[in-house]
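Student: Please take me closely through one part of this structure. I'd like to start from a single pair of residues and work outward, with the terms spelled out as we go.

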Amino acid sequence: MKLRRPPPPCPQAVTYRFAPAAVAAGRQVITLLDSKGRDIGHLDYQVCHPCGAAHINTIAIAGPWQGMGLGREVLHRATDSWSAYAWTTSRQSADGRKFFATMAEETGVEFVPGAGVCPHITASPRVSRSGGALL
Ligand SMILES: [Zn+2]
C-alpha cells in the first residue's frame, strides 16, 4: 500500500498559464505567475501521443519561490494525465536529480535523464531559456 503524503503548503496567489503545443509533439509551456502577473517559473515539455513518450526540457522556479512546492505542483499538472507515458528529461543537475527522484517516488513516473526520445520530439525546434533552472 502506498501512503499518500499531504501536499506541502503551496502559495494560493500563484496562477498557472498553459501555452499548448503549436504542432504535434511540440513544446508546451506552463508559466507560473505571481499575484502581480510576474513570471516566477516555468515548465517546458513535450508530449508525443502516437509514441506514448514525453520529455521535459526545462523546469525552473525563481529563487525566492523555491521550496514552496511549486515545482512539484507544476510537474503534477504536466504529468498526471500522461503518467503511463515514458518520461525523459534533459540532463539533470544535482538539484534536478534530487527533485526528480522525489517526484518519481510520489508519482510512480520514472524521469530518465538524457535518454533518447522519440523522433517526433527530437525533431521539434529548440528554444533556449534561462534563469533559476533545475535542469
Ligand atoms: Zn513520437
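Tutor: Let's begin with Ala54, whose bridge partner in β5 is Trp87. Before we move on, please keep in mind that this is a predicted model: local features need pLDDT of at least 70, side-chain atom pairs count only at pLDDT 80 or more, and totals for chains, interfaces and linings use all residues. Residues are numbered from 1 along each chain as its sequence is written.

The bridge between Ala54 and Trp87 belongs to the pairing of strand β4 (residues 53-61) with strand β5 (residues 86-89), which are parallel and share four bridges. Strands here are DSSP runs of E with at least two residues, helices are runs of H or I with at least four, and both are numbered from the N terminus. Two strands count as paired if DSSP finds at least two bridges between them. As general background, strands of a sheet pair through backbone hydrogen bonds, either parallel or antiparallel.

Trp87 also looks the other way, since Phe111 in β6 stands opposite Trp87. The pairing of β5 with β6 is parallel too, with three bridges.

How are these strands connected? Between β4 and β5 comes helix α1 (residues 70-79), and the three make a right-handed β-α-β unit. The hand is defined with the strands pointing away from the viewer: a crossover is right-handed if the path from the first strand over the helix to the second runs clockwise. A right-handed β-α-β unit is also made by β5, helix α2 (residues 94-107) and β6.

Now for α2 itself. This helix has 14 residues and spans 20 Å from first to last C-alpha, close to the 20 Å expected at 1.5 Å a residue; the expected span is 1.5 Å times one less than the number of residues. The buried residues of α2 are Gly96, Phe99, Phe100 and Met103. Viewed down the axis of α2, these buried residues fall within an arc of 95 degrees, so they line one face of the helix; the arc is that of the directions from the helix axis to the C-beta atoms. "Buried" means that 20 or more other C-beta atoms lie within 10 Å of a residue's own, "exposed" means 12 or fewer, and "partly exposed" is in between, with C-beta atoms placed from the backbone.

Among the elements that cover the buried residues of α2 are α1, β5 and β6. On the face turned away from the buried side, α2 carries the exposed residues Ala94, Lys98, Ala101, Thr102 and Glu105. Just after α2, Gly108 has a positive phi of about 80 degrees.

In α1, Leu70 is worth a stop. Leu70 is buried because 22 other C-beta atoms lie within 10 Å. The C-alpha atoms of Leu70 and Ile40 are 9.9 Å apart, though 30 residues separate them along the chain.

Stepping back, what is the order of the strands in the sheet? Six strands form an open sheet in the order β1-β2-β3-β4-β5-β6, with mixed pairing. The edge strands are β1 and β6 (111-113), each pairing on one side only. From one strand to the next, the twist averages 25 degrees; the axes behind that angle are lines fitted to C-alpha atoms (for helices, over the stretch in contact), and angles run from 0 to 180 degrees between N-to-C directions.

Toward the β1 edge the partners are antiparallel. Strand β1 (residues 15-19) and strand β2 (residues 27-33) are joined by five bridges, and β2 pairs with strand β3 (residues 39-48) over seven. Val29 links both pairings: Val29 stands opposite Ala19, and has Asp44 in β3 as a bridge partner. Five residues separate β2 and β3 in their hairpin, where Gly37 in the turn has a positive phi of about 80 degrees.

In the loop between β1 and β2 you will find Ala25. Its phi is near 65 degrees, a positive value in a residue other than glycine. Most residues other than glycine have a negative phi, and most peptide bonds are trans. Ala25 counts as buried because there are 23 C-beta neighbours inside 10 Å.

Read from the N terminus, the whole chain runs β-β-β-β-α-β-α-β-α.

Notes: Contact = placed C-beta atoms within 7 Å.
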